[in-house]
Amino acid sequence: MNRPTHGGNLQWAATLAGCEPHAILDFSASINPLGLPSSAIAAIQSQVASLTSYPDPSYHSLRQAIGQHHGIDADWILPGNGAAELITWACRDLATHCLETVLFTPAFNDYGRALRAFQATIYPCCLLDRLLGNDPDSASDDILNIPTDPSLLATLPNSHRRGVLLNNPHNPTGKLFDRAFVEALVTTFNWVVIDEAFMDFVPPDRHDQFSAVPWVERYPNLVVIRSLTKFYAMPGLRLGYAIAHPDRLRQWQQWRDPWSVNTLSAAVGEAVLQDTAYQQATHAWFAQAKPLLETGLRQQPGLRVLPSAANFFLVQSDRSVPALQQQLLQQHQILIRDCLSFPELGDRYFRVALRTVSENQKLLAALRDRLGS
Ligand SMILES: Cc1ncc(COP(=O)(O)O)c(C=O)c1O
């Protein structure tokens, strides 16, 4: 079986570990460990009888719920079959309207897939030193301060038809791009797509400072993509949404299958966005578990942990990660995410998701066992 390029491939891990997939403790996919909200399960149960009809192709009710959640008119919202589907249409737009699309690397693997599918010209801009905190200008906390003057932007393509695809918070480092930098992109590029798949984890008191959602109605060149996969622990259901100018979303609807979101996902989306108890429980877990895992990782010999605003940490290791990954699987049935699919990082980095406090303790104990602290 080939080495996976995404996290969460339990079949692959189980084959290596010699156990059943359900026995693997998965730190490779950054999914909320509180599990599927009970409101989601109730929504699924209530909709089973509706499976004999097609979903409403306008997703009116779901769009209303998402609109209410963000305080935005429902016309500016398009639900999709996971953020992945919407990234595909955003990349078709970028390929059609831009001579070049700037991709800050290391970047989530799927961006390249979607851009290449439409023959977009990719202009890679490597931010590795800044993201890793090796650049003297970049802060050592979880915010990436990119000075806009003298500007990184000046080094990017100067065409009036340039686009950019940005991930905030950034996967795999968990860094947040600061507001000034994002605003500089929105005001100087003619097409800006921001994937905020992990933004829901940013605590509410910081969220509005970093999310670009409040800007969408002001900047018609801006698209924000959100995912329900990670925060609501539903990678198997597939639900995400784009927030963008209604004309653009109408165009995407003409390109795609009319029923991209199935009935169960649509009902779940409506329910979980109103599930404030689950949202609060998630923020409480995050506030408790994150500093404990970060401190525990920092105490391990040979590891360097990057400050992260998201529900995962990128860790630099002084030894080869594929070997460590294999040992953790075979000895402890624990799966960490190697970073081989991020070519800029190579074999000395891994990413671990934040799980429950007791599961994180298991990871730390297994690492202690392997690394000898
Ligand atoms: C940065 C980023 N964006 C988007 C996605 C895809 O999310 P979804 O499951 O909603 O398609 C992922 C999944 O790993 C991701 O890491």
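**Exercise 1. Sort the lining of the largest cavity by residue class: how many residues are nonpolar, polar and charged?**

Solution. This is a predicted model, and we start with a list of names. Step one: the lining consists of Pro4, His6, Gly7, Gly8, Asn9, Trp12, Ser28, Gln325, Leu335, Ile336, Arg337 and Asp338. Step two: Gly counts as polar here, so put Gly7 and Gly8 in that group. Step three: the sorting gives four nonpolar, six polar and two charged residues. The space inside is about 70 Å³.

**Exercise 2. Which residues line the second largest cavity, and which element gives the largest share?**

Solution. Begin with the search: in the whole structure, two cavities of 30 Å³ or more are found. The second largest holds about 40 Å³. Around it stand Leu103, Phe104, Pro106, Ala107, Phe108, Tyr111, Leu165, Leu166, Asn167, His170 and Asn171. Next, look at the strands: β3 (100–105) and β6 (162–167) each supply at least two of these residues, and β6 has the largest share, with three. Finally, the classes: eight are nonpolar, three are polar and none is charged.

**Exercise 3. Describe the largest pocket: what is its volume, and which residues lie closest to its centre?**

Solution. First, the volume is about 490 Å³. The lining has 25 residues, and His6, Phe108, Thr229, Lys230 and Arg238 are the closest to the centre. Then check the elements: α4 (83–97) and α5 (109–117) are those that give two or more residues, with α4 providing the largest share, three. By class, you should find 10 nonpolar, nine polar and six charged residues.

**Exercise 4. Where does the second largest pocket lie with respect to domain 1 and domain 2?**

Solution. Take the lining first: it has 18 residues, and His69, Asp200, Pro204, His207 and Asp208 lie nearest the centre. Now look at the domains. Both domain 1 (10–30 + 277–371) and domain 2 (38–275) contribute to this lining, so the pocket lies between them. Its volume is about 370 Å³. The helix α11 gives the most residues, four.

**Exercise 5. What span should α11 have, and what is the distance between its end C-alpha atoms?**

Solution. The helix has 23 residues, and at 1.5 Å a residue its expected span is 33 Å. Remember that the rule multiplies 1.5 Å by one less than the number of residues. The end C-alpha atoms are 33 Å apart, which agrees. One more detail to find on screen: α11 has a kink of about 25° at Ala289, shortly before Pro291. Ala289 is also among the buried residues of this helix, as are Trp285 and Phe286.

Methods. Residues numbered from 1 in each chain as written. Predicted model: local features only at pLDDT ≥ 70, side-chain atom pairs only at ≥ 80, totals over all residues. Heavy atoms only, no water. 1 Å grid on protein atoms, 1.4 Å probe; cavity = no way out; pocket = protein on both sides within 12 Å on 5 of 7 lines; lining within 4 Å. Points joined across faces, edges and corners; volume = space filled by probe spheres on them. Domains from an automatic or database assignment. Bend = angle between axes of the 7 residues up to and from the residue. Buried < 20%, exposed > 50% of the residue type's maximum accessible area, 1.4 Å probe, protein only.
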